[in-house]
Amino acid sequence: MARIKPECNQVESHPFFAQAELLATCRKLGVLLTAYSPLGSPGNPAQVGVSAEGLTVPKHPVLAAIGKAHGKSAAQVALAWNLARGVPTFPKSTNAARIAQNIELDGLALSDEEMQAIGQLDRGSSGRGCFGGPKVEREGRWVPRDLAHRDYPWNEDGSERA
Ligand SMILES: NC(=O)c1ccc[n+]([C@@H]2O[C@H](COP(=O)([O-])OP(=O)(O)OC[C@H]3O[C@@H](n4cnc5c(N)ncnc54)[C@H](OP(=O)(O)O)[C@@H]3O)[C@@H](O)[C@H]2O)c1
């Protein structure tokens, strides 16, 4: 048990792994939840977080459609969604244009309907990238590398073992 309350709890969080329960608990305790891998780490097969259809955050059609309505990208929508929930995000990019894009979220105010539509993409721990198990890409969709293993999925709730 900690004697000194932490100011902040940084965890993986993006539309496919929303961490709603943890966010509610942190709010109750006065701890700021912050998000690493807020785009689901789309360039990293070892820890990419994917939708139920095996799509990454930047390629998800629901996020892309909402982005199109605002003149923004799917990635920007994912960042704006977390910010609207009070969760600061820490996206990483090696590309100057994308770094600028990830900062330029001004004016991207999502409606309640859009927030709800994004909320429906949450898959709990099945959507996590970090510790979610390695993936392989097949025909544009990311699937667990061990999908064909006789004991897969590993946990009773259908998620991969951390
Ligand atoms: N605290 C912790 O325990 C912890 C754990 C994991 C990660 N982190 C940190 O969190 C930060 C982000 O995590 P992450 O790198 O795993 O995942 P991320 O930020 O979710 O994803 C980074 C990937 O997204 C791409 N990308 C960035 N902006 C984009 C955009 N606007 N549109 C499309 N693609 C975009 C990047 O490619 P390009 O470079 O080609 O743009 C890169 O492949 C890192 O600094 C990392 O060190 C912290």
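In strand β3 (residues 89-90), Thr-89 is the bridge partner of Ala-35, and the parallel strands β2 and β3 are joined by two bridges, two being the least number that DSSP must find for strands to count as paired. Strands here are DSSP runs of E with at least two residues, and helices are runs of H or I with at least four, numbered from the N terminus. The structure is a predicted model, in which local features need pLDDT of at least 70 and side-chain atom pairs count only at pLDDT 80 or more, whereas totals for chains, interfaces and linings use all residues. Residues are numbered from 1 along each chain as its sequence is written.

Strand β2 (residues 32-36) also pairs in the parallel sense with β1 (residues 8-12), over five bridges, and Thr-34 of β2 is the bridge partner of Gln-10. The side chains of Leu-33 and Ala-35 point to one face of β2 and are buried (20 or more other C-beta atoms within 10 Å of the residue's own, with C-beta atoms placed from the backbone), while those of Leu-32, Thr-34 and Tyr-36 point to the other face and are not buried.

Tyr-36 is also among the closest of the 22 residues that surround the ligand, together with Leu-39, Gly-43, Ala-75 and Ser-93; a residue counts as near if its C-beta atom, placed from the backbone, lies within 6 Å. Helix α4 (residues 96-103) contributes three residues, the largest share of this shell.

Along the sequence, the protein chain follows the pattern β-α-β-α-α-β-α-α-β-β, with five helices and five strands.

Definitions and conventions:
A residue is buried if 20 or more other C-beta atoms lie within 10 Å of its own, exposed if 12 or fewer, and partly exposed in between; C-beta atoms are placed from the backbone.
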